[in-house]
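Got your viewer ready? Here's a short walk through some charged side chains, one selection at a time.

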Amino acid sequence: MNDFLTNTLNGEQPSKLFGETLYFHWKWIECGILQLTPLDSSMLVERDCVLSAGIHGNETCGVEILNQLLQNLFANTIPLKCRLLVIFGNIDALRANKRFLFCDMNRMFGGRWQNCASSCERDRAALLEEAVVDFWNDGDDGRERWHLDLHTTFKGSYQHTSFGILPARATSWDEGFLGWLGTIVEALVFHQSQNGTFSNFSSQFNAFSCTVELETGPHGKKNFYEFNHIQSELEKLISGGQIGKPPPDHKQPAIRYKVKHQITRQREEFNLYFPLNTLNFTPFTRGTLIAQDGDSNYIVQNETEYILFPNPARSLGKRAGLMLVKEC
Ligand SMILES: [Zn+2]
């Protein structure tokens with residue numbers, strides 16, 4: 001497997017569909033999906049990992065990180081000590097450098113694509129679900145399941161240049177997983193209800209999963225320091241290395257927030273009371289009017305609430321922002 005990303009973008013089936021390196025056996029599952037299994041099972045760390053990127057086709061930082069990680073694995077520069085599934089998500093959108101071609105794939109998982117019109121995203125979401133379920137089912141019972149879905153946010157942040165969004169979970173989170181996330185992101189945001197994200201889907205199979213958002217500058221210009229740091233921590237994670245420390249400018253441990261309210265446009269008569277250029281994690285104080293949807297208002301009720309993914313241009317039925325509160 002010379003260059004999995006080039007292969008994927010060309011839509012080619014590789015000449016060999018499986019093979020071995022010094023440390024692992026690899027198997028090409030489908031376009032953009034590769035499974036790696038360590039040869040020496042006695043050296044396995046306690047978790048199986050899914051690493052995915054490019055679910056949104058214009059968010060390429062994570063794709064570059066995973067491609068580099070694969071190149072280092074295939075060059076035997078780092079060993080592999082966990083079962084690993086690497087996924088490049090929306091291939092058609094990656095080729096076009098667009099978030100999606102027809103529908104946002106990260107709203108389609110967990111029983112939702114079945115209700116969508118036929119599209120490349122619908123077919124791909126179905127295929128990714130199948131690949132992930134097969135991967136979890138093929139692993140030994142009792143092993144931890146980790147899924148990190150790498151995304152990029154182009155909107156600037158008032159604070160926290162990288163953050164993780166965690167799906168709602170019926171059982172408690174593993175502090176080891178949350179602590180590891182704190183080495184790569186500055187903030188953790190906990191959803192309180194189910195949604196159609198890829199990480200939410202994995203969570204339904206008892207995986208510890210997270211949508212990891214890396215902030216880039218305008219036009220997707222990456223932050224090399226953060227990029228290299230995450231690359232290095234992911235390599236340590238899969239190769240059994242000592243888990244590292246967060247960069248010195250990160251607050252430790254990661255600040256925790258929970259989603260208090262999702263602003264979704266329900267009616268034609270809809271007004272948002274924050275400016276177009278509002279940044280992620282901008283604080284608002286109690287009593288501030290945030291949104292007016294018909295005769296229903298959203299007013300900040302806690303001493304401080306923070307907005308995430310503010311989007312004043314949202315059309316009917318779409319999310320215009322998430323309101324967060326800090327966890328004590
Ligand atoms: Zn994304």
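Before you click anything, one yardstick: buried means under 20% relative accessible area, exposed means over 50%, and partly exposed is what lies in between. Keep in mind too that this is a predicted model.

Start with Arg107. At 34% relative accessibility, Arg107 falls between those cut-offs, so it counts as partly exposed. Now add Asp104 to the selection: the two form a salt bridge, with the closest N and O atoms 3.6 Å apart. Is Asp104 buried or exposed? Buried, because its relative accessible area is just 12%.

Stay on Asp104 and bring up Arg99. Here's another salt bridge, this time 3.2 Å from N to O. Arg99 sits at 29% relative accessibility, so call this one partly exposed.

Next, show Glu59 alongside those three. Glu59, Arg99, Asp104 and Arg107 are joined in a network of salt bridges.

Time to move along the chain. Select Arg267 and Asp293, whose salt bridge has its closest N and O atoms 3.6 Å apart. Where do the two partners sit? Arg267 is in the loop between strand S10 (255–264) and strand S11 (270–272), while Asp293 belongs to strand S13 (residues 289–293). The pair links distant parts of the chain, 26 residues apart. Check the surface here as well: Arg267 is partly exposed because its relative accessibility is 37%, whereas Asp293, at 8% relative accessible area, is buried.

Want to keep exploring? How many salt bridges does the model have? The count comes to 12, including the Arg267–Asp293 pair you just visited.

Key
Residues numbered from 1 in each chain as written. Predicted model: local features only at pLDDT ≥ 70, side-chain atom pairs only at ≥ 80, totals over all residues. Heavy atoms only, no water. Salt bridge = Lys/Arg side-chain N within 4 Å of Asp/Glu carboxyl O. Buried < 20%, exposed > 50% of the residue type's maximum accessible area, 1.4 Å probe, protein only. Helix = DSSP H or I, 4+ residues; strand = E, 2+ residues; numbered from the N terminus.
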